[in-house]
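Please look through the structure shown here together with its sequence, and let the paragraphs that follow guide you from one pair of helices to the core around them.

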Amino acid sequence: MGDLSKNFNRSEFACKGTNCCGHSAAVHPDLVDALQTLRDRIGKPLSITSGFRCNRHNKAVGGAEQSFHTLGMAADVSCPAGVSPEELAVIAEEIPLFCEGGIGVYASWVHLDVRQSGKARWRS
């Protein structure tokens, strides 16, 4: 059981930086809701590889200057066994908060955000 939703804990979203913010974990409720919906639809656990990033850590990892990670509105999710990044992205597109947000497809993971400024989809 999670403390943010049925399956997600705040600690999963904590900043992974060192010598920065002390592993804070700002998480937008829309992100949690959309991730929980995605997890329920695929029926497999999702692993958050990068959730909230403080500005210092975001810069250290080469994140975009206006990254939605710094607002607690984005998560990078590794693909569960048997689900490709493209398949995960297609399912995520069925969830309004992600469809209207951002979805980025990478070799072994997917970036998902609940930006409110319009749909963005890209491939690495």
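**Two helices and a core**

In this predicted model, helices H1 and H3 cross in a right-handed manner. Helix H1 covers residues 29–42 and helix H3 covers residues 85–92, and their axes, which come within 10 Å of each other, cross at roughly 115 degrees. On the H1 side the contact is made by Leu38, Arg41 and Ile42, while H3 contributes Leu88, Ile91 and Ala92. Sorted by character, the residues of this contact comprise five nonpolar and one charged, with no polar residue among them.

Two residues of that contact, Leu38 and Leu88, appear again in the largest nonpolar core, which has 28 residues and in which Leu35, Leu38, Leu88, Phe98 and Leu112 touch the most other members. In soluble globular proteins, nonpolar side chains tend to be buried together. The elements that supply two or more residues to this core are H1 and H3, along with strand E2 (74–78), strand E3 (102–105) and strand E4 (109–113). H1 provides the largest share, with six residues.

Which residues does Leu35 touch, not counting residues up to four places away in sequence? Leu35 is in contact with Phe8, Phe13, Leu46, Ile48, Ala75, Val77, Phe98 and Leu112.

Turning to the annotation, an unreviewed UniProt entry places the feature "domain: Peptidase M15A C-terminal" at residues 7–113. In the model, the end C-alpha atoms of residues 7–113 lie 18 Å apart, and this span is 30% helix and 17% strand.

Conventions:
Residues are numbered from 1 along each chain as its sequence is written. This is a predicted model: local features need pLDDT of at least 70, side-chain atom pairs count only at pLDDT 80 or more; totals for chains, interfaces and linings use all residues. Side-chain values use heavy atoms; hydrogens and water are left out. Axes are lines fitted to C-alpha atoms, for helices over the stretch in contact, and angles run from 0 to 180 degrees between N-to-C directions. Helices (H or I, at least four residues) and strands (E, at least two) are DSSP runs, numbered from the N terminus. A crossing is left-handed if the near helix is turned anticlockwise from the far one by less than a right angle, and right-handed if clockwise. Contact means heavy atoms within 4.5 Å. Ala, Val, Leu, Ile, Met, Phe, Trp, Tyr, Cys and Pro count as nonpolar, Asp, Glu, Lys and Arg as charged, and the others, Gly among them, as polar. A nonpolar core is a set of buried Ala, Val, Leu, Ile, Met, Phe, Trp, Tyr and Cys residues joined through side-chain atoms within 4.5 Å. Buried means under 20% relative accessible area, exposed over 50%, partly exposed in between (1.4 Å probe, protein chains only). UniProt positions are given in the numbering used here, feature names are shortened, and annotations may be inferred rather than shown by experiment.
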